[in-house]
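This report describes the fold, the strand pairing and the surface of one protein model. The sequence and structure follow.

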Amino acid sequence: MGGSGSKAKGVWPFAASGAGGDSASEGNEQSVAPLKTSRKATPFVFTRRSSLYFDEDGDLAHEFYEETVVTKNGRKRSKLKRIQKNLIPQGIVKLDHPRIHVDFPVILCEV
């Protein structure tokens, strides 16, 4: 699970100054790489990757199963076999209303 957080170390996309940290103490030092301050990110998320798949028939679901009949000792049993081949992911889905990004530091409710 997870995977929605940012993987970059030391880069904070929501800050106007680039990386998080105390900019007053770093004012006298020169940085090795210039900060990209012109690129600002929004704290909202408008799309997400879907966890649904299309099968060969065009049906949409999280998982697909097929019923198989197994004969054991002259007795018929039906089992469900999970299908994992020939599935196409749904892709990027637009959200109904924007969500707050997981890396955005905000207190929603203070108790």
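In what order do the three strands of the open sheet lie, and with what pairing? The order is β3-β2-β6, and the pairing is antiparallel. Strands are DSSP runs of E with at least two residues, numbered from the N terminus, while helices are runs of H or I with at least four residues. Two strands pair if DSSP finds at least two bridges between them. At the edges of the open sheet stand β3 (60-61) and β6 (88-89), each of which pairs on one side only.

This is a predicted model, in which local features need pLDDT of at least 70 and side-chain atom pairs count only at pLDDT 80 or more, whereas totals for chains, interfaces and linings use all residues. Residues are numbered from 1 along each chain as its sequence is written, and side-chain values use heavy atoms, with hydrogens and water left out.

**Confidence and overall composition**

The mean pLDDT of the protein is 77, and 64% of the residues score at least 70; pLDDT is the predictor's confidence in each residue, from 0 to 100. Residues 23-31 have a pLDDT below 50, and in the model this stretch has zero contacts beyond near neighbours in sequence. A contact means heavy atoms within 4.5 Å.

The secondary structure consists of seven strands and zero helices, giving the pattern β-β-β-β-β-β-β along the sequence. Among contacts with a separation of 6 or more, 56% involve residues 24 or more positions apart. Of the 111 residues, 6% count as buried. Here buried means under 20% relative accessible area, exposed means over 50%, and partly exposed lies in between (1.4 Å probe, protein chains only). The protein exposes about 10300 Å², of which carbon and sulfur atoms supply 52%; accessible areas come from the Shrake-Rupley method with a 1.4 Å probe, and for residues only the protein chains shown count as cover.

**Strand pairing**

Within the open sheet, β2 (residues 53-54) and β6 are joined in the antiparallel sense by two bridges, and F54 stands opposite I88 in β6. Strands β4 (residues 64-72) and β5 (residues 75-83) also run antiparallel, joined by nine bridges. In this pair, E66 stands opposite K81 in β5. The hairpin of β4 and β5 has two residues between the strands, and N73 takes a positive phi near 55° there.

**Strand β7 and the nonpolar patch**

V93 belongs to strand β7 (residues 92-100). Leaving aside residues up to four places away in sequence, V93 touches F46, T47, R48 and S50. I100 also lies in β7, whereas V106 lies in the segment after that strand. The table gives the accessibility of these three residues.

| Residue | Relative accessible area | Class |
|---|---|---|
| V93 | 22% | partly exposed |
| I100 | 42% | partly exposed |
| V106 | 41% | partly exposed |

A nonpolar surface patch comprises F44, F46, I100, V106 and L108, with about 510 Å² of accessible area together. Patches are made of residues with over 30% relative accessible area and no salt bridge; like charges are joined within 9 Å, and nonpolar side chains (Val, Leu, Ile, Met, Phe, Trp, Tyr) within 5 Å. A salt bridge is a side-chain nitrogen of Lys or Arg within 4 Å of a carboxyl oxygen of Asp or Glu.

Two C-alpha separations relate this region to earlier parts of the chain. V93 and S51, 42 residues apart in sequence, are 9.7 Å apart in space. V106 and P43, 63 residues apart along the chain, are separated by 9.8 Å.
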